[in-house]
Amino acid sequence: MAFRDRPMIAPIARFVTEEHLRTLLILFAAIVFVFFTTKDYIPFLARLLVPFLLVLLIATDDMRLRFNLLLWITLGLALNVVLNFYVIANHGFVITFIGVALMIACAAGDDASKIMARAAVFLISILMGLALIQKLISPHYMSGDLIGSYLANGYMFKTIISLFDPSWPQTVHQNLAAQTALMGAPPAASTSAAVVIPPIIQGLAIVLTWAALASQVMIEACVLARNRLGVWAHYAILLFVLIIYSTRNENVFLSMNLILGYAITDEHTKSVRLWYVIGVAYLMIMEAMGLRPGIIG
């Protein structure tokens, strides 16, 4: 029996496969709820009111009420971006854009899914394109220093590297201890931290840097050529999310990528919608609980 045909899964699979716009509203409500309830800079009143607006949003069939609810929620997101411009992550900007796109889609009636798909393609293409340009002009990134620091501190591939170098966990511990001691030193003290990065790790950092750039170009190409690639374009997006998840704690960012990927699906690629929803549900639950089970870290 296929996974989607199991008695407990089948009703969910049918809903998220056939109810494209309603599922998008549910996914949007989930990410806004987690975003508003886990960020310290969100005002208490917003944390109190927004969940009730989100429940109404996913429960109503009245298109006018749905539009008005999206309007107020999106205004709240935009106000949050303005008030916390210097501390808010890029997540706030992207979630606000998704809210605007959903609002326009709901106003369009029968063409809602097509409008959301166009908006999602535009947003994901712009985000990846700007991120790629930012990396290419950054000496810190292109030198391999960024990924090198992740490797040296055990944020990436600690378990895998330990299979080839059993002493690697101890090296990571020493690196973190040295940096902690440096941070605790008096401001006037002239100190330095001795971070150990073996030559093989330095080489791995360069390889991973260029591999990340190549994968980002590939994902961008898959999104732009989605009509020709069909479900393979969505498998590429899911693989991208899996790779980033294995390296960085970016549950909200990755959830937004999955929501945009879901929005891009059409009648020919709707078989992958369930996997997008499962991915968003997993990431949002882990974010709300403050957990991050590893995969290959």
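A residue counts as buried here when its relative accessible area is under 20%. By that cut-off, 41% of the 297 residues of the chain are buried. Keep in mind that this is a predicted model.

**Overall build**

The chain has 15 helices and zero strands. Its C-alpha trace spans about 65 × 45 × 40 Å along the principal axes. The radius of gyration is 21 Å, which agrees with the value near 19 Å that a compact globule of 297 residues would have. If you look at contacts with a separation of 6 or more, 66% of them join residues 24 or more positions apart.

**The nonpolar cores**

The largest nonpolar core holds 63 residues, and Phe28, Val32, Ile95 and Leu102 are the ones that touch the most other members. H2 gives the largest share of this core, with eleven residues. Take Leu102: setting aside neighbours within four places in sequence, its contacts are Leu21, Leu24, Leu25, Phe28, Leu70 and Met116. There is also a second, separate core of 14 residues, with Ile147, Met156, Trp168 and Ala205 among them.

**A buried arginine**

Arg66 belongs to helix H4, which covers residues 63-83. Is Arg66 buried or exposed? Its relative accessible area is 4%, under the 20% cut-off, so Arg66 is buried. Beyond neighbours within four places in sequence, Arg66 is in contact with Leu21, Arg22, Leu25, Leu57, Thr60, Asp61 and Cys106. Leu53 sits 13 residues from Arg66 in sequence, and the two C-alpha atoms are 9.9 Å apart.

**Helix H15 and its surroundings**

H15 runs over residues 273-289, 17 residues in total, and reaches 25 Å from first C-alpha to last, close to the expected 24 Å. Its buried residues are Arg273, Leu274, Tyr276, Val277, Gly279, Val280, Leu283, Met284 and Met286. What covers them includes helices H1 (10-18), H2 (20-38), H13 (231-247) and H14 (251-264). Arg273 has an aromatic partner too: its charged end sits over the ring of Tyr262, 5.8 Å from the ring centre. Just after H15 comes Gly290, which has a positive phi near 70°.

**Aromatic pairs**

How many aromatic pairs does a search of the whole structure find? It finds four. Two of them are set out here.

| Pair | Centre to centre | Angle between planes | Geometry |
|---|---|---|---|
| Trp232 and Tyr235 | 5.3 Å | 85° | edge-to-face |
| Tyr245 and Tyr282 | 5.9 Å | 65° | edge-to-face |

Why does the Trp232 and Tyr235 pair count as edge-to-face? The planes meet at 85°, and anything over 60 degrees falls in that class, so the label follows. Both residues are in helix H13, three residues apart, which puts about one helical turn between them. As a general point, an α-helix has 3.6 residues a turn, so residues three or four places apart point the same way. Trp232 is exposed, at 60% relative accessibility, while Tyr235 is partly exposed at 36%.

The Tyr245 and Tyr282 pair bridges two helices: Tyr245 lies in H13 and Tyr282 in H15, so the pair ties together parts that are 37 residues apart in sequence. Tyr245 is buried, with a relative accessible area of 4%, whereas Tyr282 is partly exposed at 33%. H13 is also among the helices covering the buried residues of H15.

How values were computed. Residues numbered from 1 in each chain as written. Predicted model: local features only at pLDDT ≥ 70, side-chain atom pairs only at ≥ 80, totals over all residues. Heavy atoms only, no water. Helix = DSSP H or I, 4+ residues; strand = E, 2+ residues; numbered from the N terminus. Expected span 1.5 Å × (residues − 1). Buried < 20%, exposed > 50% of the residue type's maximum accessible area, 1.4 Å probe, protein only. Contact = heavy atoms within 4.5 Å. Phe/Tyr/Trp six-rings, centres within 6.5 Å; stacked < 30°, edge-to-face > 60°. Lys NZ or Arg CZ within 6 Å of the ring centre and 35° of its normal. Core = buried A, V, L, I, M, F, W, Y, C linked by side-chain atoms within 4.5 Å. Rg over C-alpha atoms; globule rule 2.2 N^0.38 Å.
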